[in-house]
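Reader: Got a minute to walk me through this one? I'd like to start with the packing.
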Amino acid sequence: MKAAQFQKLIEQLGELSPEQREALAKALAGGSEAAETVALIEARFADKATCPHCQGEGQKWGYAAGLRRYRCRSCKTSFNALTKTPLAFLKKRDKLATYGQAMVDGLSLRKAAKRVGINLGTAFDWRHRLLKGPAKAKPAKLDGVVEADETYFLESAKGSRKLKRKPRKRGGKASKRGLSQEQIPVIVTRDRSGATLTEVLSDTTANSIAKVLDPVVAKDAALVSDGAKAYRTFANATDRLHIALVTSAGEYTWGTYHIQNVNAYTSGLKGWMARFKGVATHYLPNYLGWHRKLEREGAGFTRIACIAAALA
């Protein structure tokens, strides 16, 4: 692993002690995948074990299921480094590193299950455990020139036992042309530094857009969008500078202002999502977080970084 990639991994796990850094170095030095995974997990408490129940101090309390056990001095509850994380009670941990690489490679569930040697249900469970961290990792602030636009994904009830409509082939088409209630809106917002927020909207009204953008778009930012009225209403209500480009009239730039960065990101997102042949709407935020992670980290998104994101 290159120095820059290692630094990104360190930032994901937060402030690490010398002991934790040493444990991580051992994990990255090589060895079996099982040892690599266990070393990374144990690195969380290499310096000090903090009780996930009451934040008290933990003391070593033997081993169980291949991991060091701790007992809280305050509430007397036992725990390990996975307690109250998305990876708690995970079986077959020796295969987790291989599955992490499948996530990095963006494999479908069936291909990931085949590569790792697990069944489809386990592959599904592991995927969404590992995606809980990336789904919550969003930029705290977008500033400077902030581009915003919406894209749409066909509503999907994949995996649901009850449908409100007739079933269709995975990755099929909507029954109506253009926008309709069958299309789920996703807002894509990106500043010129590359910080990106993708969020599922309940609708495309000014109120829905405000709930997403108001907490993260800086007050002194220049918000650039198409001519949709909702953005103008939001900007006027919150006293933000707004540049509207009427693309239907052939207006794609205004000086240095444009929405080409956000459109390029959206194009990449759509192309990447196509491999899954329709994502269940319920899990769409997880996939949006997965893509943000891949796009943001690039080559730094390794199988170790994938696991670390779930533990952070």
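Author: Sure. Keep in mind that this is a predicted model. The largest nonpolar core has 57 residues. L87, Y99, L130, W272, M273 and W290 touch the most other members.

Reader: Which helix gives the largest share of this core?
Author: Helix α11, residues 303-311, with six residues.

Reader: And what does L130 touch?
Author: Leaving out residues up to four places away in sequence, L130 touches L87, L96, Y99, M103, C306, I307 and A310.

Reader: What lies apart from that core?
Author: Another core, of 18 residues. A148, L197, A206 and V216 are among them.

Reader: Switching to α7. Which residues are buried there?
Author: Helix α7 spans residues 206-213, and A206, S208, I209, V212 and L213 are buried. Those residues fall within an arc of 160° seen down the axis of α7, so they line one face of the helix.

Reader: What's on the face turned away?
Author: N207 and K211, both exposed.

Reader: What covers the buried residues?
Author: The cover of α7 includes β5 (183-191), β6 (196-200) and α8 (229-237).

Reader: Now the sheet. What's the strand order?
Author: β6-β5-β4-β7-β8. The sheet is open, with mixed pairing. β6 and β8 (241-245) each have a single partner strand, so one side of each has no neighbour in the sheet.

Reader: How do β5 and β6 pair?
Author: Antiparallel, over five bridges. T189 stands opposite L197 in β6.

Reader: Which strands does α9 lie across?
Author: Helix α9, residues 260-273, lies across β4 (145-154), β5 and β6. The helix runs at about 30° to β4.

Note on methods: Residues are numbered from 1 along each chain as its sequence is written. This is a predicted model: local features need pLDDT of at least 70, side-chain atom pairs count only at pLDDT 80 or more; totals for chains, interfaces and linings use all residues. Side-chain values use heavy atoms; hydrogens and water are left out. A nonpolar core is a set of buried Ala, Val, Leu, Ile, Met, Phe, Trp, Tyr and Cys residues joined through side-chain atoms within 4.5 Å. Buried means under 20% relative accessible area, exposed over 50%, partly exposed in between (1.4 Å probe, protein chains only). Helices (H or I, at least four residues) and strands (E, at least two) are DSSP runs, numbered from the N terminus. Contact means heavy atoms within 4.5 Å. The arc is that of the directions from the helix axis to the C-beta atoms. Two strands pair if DSSP finds at least two bridges between them. Axes are lines fitted to C-alpha atoms, for helices over the stretch in contact, and angles run from 0 to 180 degrees between N-to-C directions.
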